[in-house]
Amino acid sequence: MISAIFSLALTTGAPRVVRGSRIEHVCGNPSLGPEKDRAYSKEIVRAALTALTTEVTEPTLFEPAIP
Amino acid sequence: MKLELGNFPVTEVAFGRETRWAESRLEIDRAELVGRILEDPRILSAELHLARPRESVRITLIRDVIQPMVKVSGGGAVYPGICGRPVETVGRGRTHRLDGAAVVEVSDTPLYMGPGMGNYTDRAVIDMRGNGDRSPPFSKLNNVCVVLETDPTRDVLDRNDAAHSAALLVSDALAETVRNLEPPELETFELHPTDTALPKVAYVLCQHSPEHHAGSVRGWGDHLYGITRLHPPWVIHPNELIDGALSFDNSWGFANNHMLRELYQRHGEDLNFVGCIVVRTRWSSQLEKNVAARQSAKTAKMLGAEGAIVVGMVGGNDFMEAVRTAQACELEGLDTVFVVMEDEPSEGGPPILEPLPEVKAIVSVGVGRAELSPEPTSPVSRVIGRRNITLNMSTGVGKVDAQGQLPFYRSGLGWSSLDSRTSCFEV
């Protein structure tokens, strides 16, 4: 799950949680401008794909890499 | 800060040749007040209607219920900062108020344009027949309804300012009738020094900010000195709340807050009421929510609190900082009670959205969904406001005629004696 308010996702038991940006724009940051916004979005999605292929034993937070 | 409250009872209300109060009877010069309201070009139409206790009347399109009061001395104006009113700190000197009367702002002016509840203009209904021993207090007040249409071509903030200004104009005019009179009852509110052995308690109010829903830092919503945007924890003296520093939606409820009154009554007896903190909710990042919660707890600690009552009549997104504030208070060593509404049991989840282990003393004000145990209420003779309303306020579906039979007692001004504000839900 990609969430800006990831703490709730973790405490309610979502096994794989990716740190999102803000509630208004979870998968990016438009204030960075279109190019950097897209680069940030890509890292978030990349982290989500990594999380899907990672074994977890408890709710785990995955951080997107800094683009 | 010492505040004297002069209470003038109102048991009768009627239209008459002049606006005046005498021996519990409030008379209102309808034409004069409507004329003054219509001086504002943003108001297209205005009417005044009276709704008395036990009458067969429902009031709809309610935007606020206002406690009529006036600052006689001590500086500032009641309901400071809103609609261009002075921002001087309130809660001192003397305030005169009409006890048993209220001004109800009735209009289909939306709060804001955009997602969230702002477009639901029919969030609340008052049925003046009450609901037996579960009657909300509004059905027991002599309600002076200000029914307004604002110019739809104007900016929504402008429309909100116009509608609420008109309601405050009437509230001010009614309260003015008792400015220079000797009050039949005078109460004094002062947090005098007490025995230091008494447990020190802070009252923490979680108030929603409309900032994100409205897409503006000036969005219409819970006003604290006219400010609705997200802000750090704000220390407030209880007298400021009595004078209307916090207002919206149910300003009457804030000014007549039972929790506050009880804390005051018991100050010096079995507790030491150290003050209030207003926490703004609906920050949009985890970081900000965590900071808001931790800093609120720190603020309570700096006030000397040993215990805290955290009232979080908010749900979903807003709930997170409310419950985290309660958690943070516990982590700071404060004995904390969290007052909150419960989620609907049929959803199959826990009673509250995010149960945190440290938050172990919880007072539930119920699920607040009257439609879960429906008891139909019979038709009324008259509706003030619009007849066509939305029955299910959470989903926005289900149009009904407010004059007809309703499947349950619909209120929407979520009142309970424990509540510091309205919630969307009926209690």
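**Salt bridges, cores and cysteines in a predicted model**

Colleague: Which residues are linked with B:D40 in a network of salt bridges?

Modeller: This is a predicted model, and the network can be read from its side chains. Side chains of opposite charge can pair when their charged atoms come close. The residues linked in this network with B:D40 are B:R42, B:D151, B:R154, B:D158 and B:D161.

Colleague: How many residues apart are B:D158 and B:R42?

Modeller: Their side chains meet in a salt bridge, 2.8 Å from N to O. B:D158 is partly exposed at 26% relative accessibility, whereas B:R42 is buried at 14%. B:D158 lies in helix 2 of chain B and B:R42 in the loop between helix 1 and strand 5, so the pair links distant parts of the chain, 116 residues apart.

Colleague: Is B:D151 buried or exposed?

Modeller: B:D151 forms a salt bridge with B:R154, at 3.8 Å from N to O. B:R154 is partly exposed, with 32% relative accessibility. Buried means under 20% relative accessible area. B:D151 has 15%, so B:D151 is buried.

Colleague: In which helix is B:D318, the partner of B:R282?

Modeller: The two side chains meet in a salt bridge of 3.7 Å, N to O. B:R282 is buried at 14% relative accessible area, and B:D318 is buried at 7%. B:R282 sits in the loop between strand 18 and helix 7 of chain B, while B:D318, 36 residues apart from B:R282, is in helix 8.

Colleague: Which element supplies the largest share of the largest nonpolar core?

Modeller: That core has 34 residues, and B:L26, B:I28 and B:L174 are among those with the most contacts inside it. Several elements of chain B supply at least two residues each, including strand 4, helix 1 and strand 12. The largest share, 8 residues, comes from helix 2 of chain B.

Colleague: Which residues does B:L174 touch, beyond those up to four places away in sequence?

Modeller: B:L174 is one of the residues with the most contacts inside the largest core. In soluble globular proteins, nonpolar side chains tend to be buried together. The residues touched by B:L174 are B:T19, B:L26, B:I28, B:P68, B:L98, B:V103 and B:V144.

Colleague: Why is B:C83 not bonded to the closest cysteine sulfur?

Modeller: A disulfide is a covalent bond between the sulfur atoms of two cysteines. The search of the whole structure finds 0 disulfides. The cut-off is 2.5 Å between the sulfur atoms. B:C83 has no bond because the closest cysteine sulfur, in B:C145, is too far away, at 18 Å.

Key. Residues are numbered from 1 along each chain as its sequence is written. Chains are lettered from A and ligands numbered from 1 in the order in which they are written. This is a predicted model: local features need pLDDT of at least 70, side-chain atom pairs count only at pLDDT 80 or more; totals for chains, interfaces and linings use all residues. Side-chain values use heavy atoms; hydrogens and water are left out. A nonpolar core is a set of buried Ala, Val, Leu, Ile, Met, Phe, Trp, Tyr and Cys residues joined through side-chain atoms within 4.5 Å. Buried means under 20% relative accessible area, exposed over 50%, partly exposed in between (1.4 Å probe, protein chains only). Helices (H or I, at least four residues) and strands (E, at least two) are DSSP runs, numbered from the N terminus. Contact means heavy atoms within 4.5 Å. A salt bridge is a side-chain nitrogen of Lys or Arg within 4 Å of a carboxyl oxygen of Asp or Glu.
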